[in-house]
Amino acid sequence: MIKPVLLWSDALILLLLLTVAALVWLARKNDTFRAPWRQVMASRMGFVTASILAVYAGIGLLDSMHYVERLPSAPGQQAQYSGEVFSALDALLKPLRVNVEKTYSSPLATHLYAKETVQGPDGVERRDYPPLKYPGTHLLGTDKVGQDVLYLSLKSIRTGLLIGTLTTLIMLPFALSLGIAAGYFGGRIDDAIQYLYTTLNSIPGVLLIAAAVLVVQVQIEAHAEMFNTAAARSDVRLLALCAILGVTGWTGLARLLRAEALKLRELEFVQAARAFGVTDARILLRHLLPNVMHLVLISVVIDFSGLVLAEAVLSYVGVGVDPGMISFGNMINGARLELAREPVVWWQLAAAFVFMFVLVLAANLFADQVRDALDPKSRGRA
Amino acid sequence: MLNYILRRLLYAIPILLGVNLLTFALFFMVNTPDDMARIHLGAKHVTPEAITRWKVEHGYDKPLFLNAAAAGLDKATDTLFVEKSLKLFVLDFGASDDGRDIAREIGQRMWPSLAIALPTFLVGLLAYLSFALLLVFFRGTALDTGGVILCVALMSISGLFYVIGGQYLMGKLWHWFPISGYQPGLDAWKFMVMPVLVSLIGGIGDSSRFYRALFIEEIGKDYVRTARAKGLSDLRVLFRHVLGNAMIPILTGVVVVIPRLFMGSLIIESFFGIPGLGSYTIDAIQAQDFAIVRSMVFLGSLLYIVGLVLTDISYTWADPRVRLE
């Protein structure tokens, strides 16, 4: 028996999916919206990168359907649930998850990577490579505590995707409202908003994030009783990280939007709307917002890859996701000293880097296609 | 111009005050000094007396904004905000939570940081611009396409990969340089080459692609066609006209980081064991030493604003039409 669990991040992913679905549904009849996307999907590069991203997203989604297992209990007793949260991906990959070795083993190895004292068939003890419990099943080898590296890599995908998407979700309201307001209203409002983003910008990015994460960490420790599972705790920390990245990261897009709004408000259609007595709110919503949407979309896809890469660095600095959470950053961090071993333990690092590289490369190339389609002026520039 | 610079520097005061208030709110109001004491004492030793003692020892035992117990002007000045936050304005950083003088540490540690960051910056700028110019010179050919693909691939690789891979290849496998460490004086170069090289390779994809985009945009303009029509050679057009006219966006991105070179790079310094300000900061983050983090935030903001003013000044040098009034 299982019981579904909705972590906070799962709820936000659901919200994100519903928003995207709603937007697609609203825009399905509108040729102006569909044309650029059709162009992206018609190009070979666009189609291939979109497919790769879709596979990653699929794995991430599977990994976002969480549940807890019911513990065996006597009939009539109240149901008890395990404190460990699993996902649909965990269920699918159960053999990988439970087939744990003792320590490192190289990809598809049959024996552990280090010699140990083993008892031979004749009962004599000697130093040899002990055989694995599950020889030849670990496609990418196992890590220090014997976990399957392929399983870890697949589980890291959700963390990377979450950082890349939820941060944007949190950032957009700030960037949109403040950027457009600054450009459209000008004057005092512009001064105030410019002051705000110069101040935020002036603080070295990593330091601001580090400062905020340190504070969040202390708060989580102080209110430990609020989280009943380890998964819930690392989930909140991940969300806090996204929130911090979002609150500190809106300045770039806001500056772009301000410049665009500054230009748009002088154009005839906005002037005409104003002459007709249309309210500011309506002008912003009906005339300005649709005309800056391409900038927003372009910056969302461009930011995504940067955020995935940032997770690894932040986790290394110690201000990233929870150390207990499976992520590319934590995988790299755990394995970076192992290159000094003899023989070299390279597979964990290689797996993390390759999985991350494919994701980021696909996202970068996809972003190029999206930019070319939405902003024809930029074509061929980069 | 002097007038302008003075006004810009005055404008820095409200920004620094904002930074100051923000960090103060984070470190003293969201996170109270009691929380700080608890972290530093460790879970085992937390007693109300121990917390009070720790706060007195580190000067955190005053009220936040208003000291009702003090007399006269001290009511407003004998507070945490003045002691810990406003004093940063006169570059009085105070002592770190483990009792060492932060200003002295900064004075010592900025030199190793600079030894790595300055060559990285200068050689990097030269290398990235040259590579971008090379691609633009051969625009439309297979070399250009291949170069752009290389750039996108390079910028899709995690920066940590370059560091770890560089250390493994150049340090462990080929024994070219020591894997990490630093030593002042003439031998410093041995420790400098690898971090500089690794940072260069890590930055080339992003920067060269950006510069190439700038040049390509510039090269489509009318004055370039005119210059070519006059019979100027391709190279001369590229270096004199295109590079010159793309200077403003290049300076915008480049000049602002110059003052911050003092602060070094967190990742590079901690991986290569450089005793600079970057590793100082990262150690402080990991040890949760808020006094150091606060000082570095303030220093970073200050240097950023200096960078903004320098950027404006550099515009007048790059484009005589720009006047700072």
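This passage walks through a predicted model of two protein chains, A and B, from overall build down to single residues.

Chain A comes with 14 helices and 5 strands. Its C-alpha atoms fill a box of roughly 95 × 55 × 45 Å along the principal axes. Of the 382 residues in chain A, 48% are buried. Contacts that reach a long way along the sequence are plentiful here: among those joining residues at least 6 apart, 70% link residues at least 24 apart. As for the surface, chain A exposes about 18700 Å², and carbon and sulfur atoms supply 65% of that area.

Chain B has 15 helices and 0 strands. Its C-alpha trace spans about 80 × 55 × 35 Å along the principal axes. A compact globule of 325 residues would have a radius of gyration near 20 Å, but the value for chain B is 25 Å. Buried residues account for 47% of the chain's 325 residues. Looking at contacts in chain B with a separation of 6 or more, 68% are between residues 24 or more positions apart. The exposed area of chain B is about 15900 Å², with 66% of it supplied by carbon and sulfur atoms.

Back in chain A, the residues are divided into domain 1 (2–92), domain 2 (101–146) and domain 3 (149–379). The centres of domain 1 and domain 3 of chain A, taken over C-alpha atoms, sit 19 Å apart. Where these two meet, the contact takes 30 residues from domain 1 and 29 residues from domain 3.

Then there is the nonpolar interior. The largest nonpolar core holds 182 residues, and the members that touch the most others are A:Leu288, A:Ile332, B:Tyr211, B:Phe215, B:Ile250 and B:Met296. Helix 6 (residues 149–185) of chain A puts in the largest share, 18 residues. Domain 1 and domain 3 of chain A each contribute at least three residues to this core. One of the well-connected members, B:Met296, shows contacts to both chains: setting aside neighbours within four places in sequence, its partners are A:Leu207 from chain A, plus B:Ile106, B:Met263, B:Leu277, B:Tyr280 and B:Thr281.

Helix 9 of chain A (residues 230–249) makes a handy check on helix geometry. At 1.5 Å a residue, its 20 residues should span 28 Å, and the end C-alpha atoms are indeed 28 Å apart, so the two figures agree. Many of its residues are listed as buried, among them A:Ala232, A:Asp235, A:Arg237, A:Leu241 and A:Gly246. The cover over those buried residues includes helix 1 (8–27), helix 6, helix 8 (205–222) and helix 12 (280–317) of chain A.

Two single residues round things off. A:Leu150 is found in helix 6 of chain A. This leucine has 18% relative accessibility, and the cut-off for buried is under 20%, so A:Leu150 counts as buried. Beyond residues up to four places away in sequence, A:Leu150 touches A:Leu96, A:Leu139, A:Leu140 and A:Phe355. A:Leu150 and A:Gln348 are 198 residues apart in sequence, yet their C-alpha atoms are 8.8 Å apart in space.

A:Thr198 belongs to helix 7 (residues 187–202) of chain A. With 13% relative accessibility, A:Thr198 counts as buried too. Leaving out residues up to four places away in sequence, A:Thr198 touches B:Ile15, B:Tyr304 and B:Leu308 of chain B.

Note on methods:
Residues numbered from 1 in each chain as written. Chains lettered and ligands numbered in written order. Predicted model: local features only at pLDDT ≥ 70, side-chain atom pairs only at ≥ 80, totals over all residues. Heavy atoms only, no water. Core = buried A, V, L, I, M, F, W, Y, C linked by side-chain atoms within 4.5 Å. Buried < 20%, exposed > 50% of the residue type's maximum accessible area, 1.4 Å probe, protein only. Helix = DSSP H or I, 4+ residues; strand = E, 2+ residues; numbered from the N terminus. Domains from an automatic or database assignment. Contact = heavy atoms within 4.5 Å. Expected span 1.5 Å × (residues − 1). Rg over C-alpha atoms; globule rule 2.2 N^0.38 Å. Areas by Shrake-Rupley, 256 points an atom, 1.4 Å probe, with all protein chains shown as cover.
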